[in-house]
Structure formats: structure tokens, C-alpha cells
Amino acid sequence: MPIKLENVGIAVRDLEATIAFFTDLGLSVLGRDTVGGEWTDTAVGLDGNHANIAMLQTPDGNGVIELFEYIHPVAIETEPTQPNQIGMHRVAFSVDDIDEALAIAARHGCHPLRGVATYQDIYKLTYVRGPSGIIVMLAEELKKGE
């Protein structure tokens, strides 16, 4: 059976702030909607499910993130995840310039968990704590075009 990744869904506290963060990094908004009703109750498994959503796409057209801001049931606040916790870990992006990406993230109050590391002279990378506590990995390939 062929399978393809459709998108990554992330529940967020503030849809507008999260859209601003990701669009400043270079993603574009594919669409927005408010969803609810029997079909969403069934698909998501929550009675009375009602949410504002936005679909964002990476510039290469291959990656899609679906953001949800729940209206009902009320979103449940949790502690931000740590990199070693079981469950959804992070969303990762390749960037052309990690310093520029970090400057953009900082304008949104989002900063690295610790700093920028270099992996085997192949990548400079970092984990940033994004909006709603989302862990976002940013990676710049060092040997481009070799």
C-alpha cells in the first residue's frame, strides 16, 4: 500500500501568533477555516469539536503544517514538551541561513533551548521553543552544492 505524509497537525494557543511565526520563517498560508460538526467529532474523537484551522506550506511545496486553535472543547494547557519525552517531538525545517532564521524567531520571542550546534561539519542546527511551546528544529546545511 503506498503511503504519503499529508501534514503535521499542531494544536496551538494563539493561531494568529503561530501563523505569523511560521510565515515569517517562509511558510505560506494555503487556507484557513473554522471546522466543526459531526464529521469533526468522528474524525478527531472529541464531542462538540470546533476549531479554527490554518494550513501552511513550505516554499518547496513538500511540507504542510495544519494548525488548530480549539474553540470547543477548550484547549488543555500542558507543560512544554522536553526533547526526551515520549510523543510528538518536534517539527524540523531546513533553512538557508540559520542566523537569519534565529533572528526571525527572536522577533517572536522564540529562542533556542540551549544554542546552535554543528553536526559533523554537515549541519548547523538548533531547537527553538516556538509559539505554544512547539519545539522547532532549524538546520542549515554547511556543504551546499558539493
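This passage describes the two largest pockets of a predicted model and the residues that line them.

A helpful starting point is how such spaces are found. Rolling a probe the size of a water molecule over the atoms shows where empty space is left. In this predicted model, the largest pocket holds about 600 Å³ of space. Its lining is made up of 22 residues, and those nearest the centre of the pocket are Ile10, Ala11, Thr78, Ser132 and Ile134. Among the contributors to this lining are strands β1 (8-11) and β4 (64-72), each with at least two residues. The greatest share comes from β1, which supplies three residues. In chemical character, the lining of the largest pocket comprises 12 nonpolar residues, along with six polar and four charged ones. Because domain 1 (8-72) and domain 2 (91-141) both contribute residues to this lining, the largest pocket lies between them.

Attention now turns to the second largest pocket, with a volume of about 360 Å³. Here 18 residues form the lining, and Leu25, Pro59, Ser94, Val95 and Asp96 are the ones nearest the centre. At least two lining residues come from each of α1 (15-25), β5 (91-94) and α3 (98-107). Sorted by class, the lining of the second largest pocket includes nine nonpolar, five charged and four polar residues. Both domains take part in this pocket as well: domain 1 (8-72) and domain 2 (91-141) each provide at least three residues of its lining.

Note on methods: Residues are numbered from 1 along each chain as its sequence is written. This is a predicted model: local features need pLDDT of at least 70, side-chain atom pairs count only at pLDDT 80 or more; totals for chains, interfaces and linings use all residues. Side-chain values use heavy atoms; hydrogens and water are left out. On a 1 Å grid over the protein atoms alone, a cavity is a set of points where a 1.4 Å probe fits but cannot get out, and a pocket is an open set with protein on both sides within 12 Å along at least five of seven lines; lining residues have an atom within 4 Å of a point. Grid points are joined across faces, edges and corners, and a volume is the space filled by probe spheres set on the points. Helices (H or I, at least four residues) and strands (E, at least two) are DSSP runs, numbered from the N terminus. Ala, Val, Leu, Ile, Met, Phe, Trp, Tyr, Cys and Pro count as nonpolar, Asp, Glu, Lys and Arg as charged, and the others, Gly among them, as polar. Domain bounds come from an automatic or database domain assignment.
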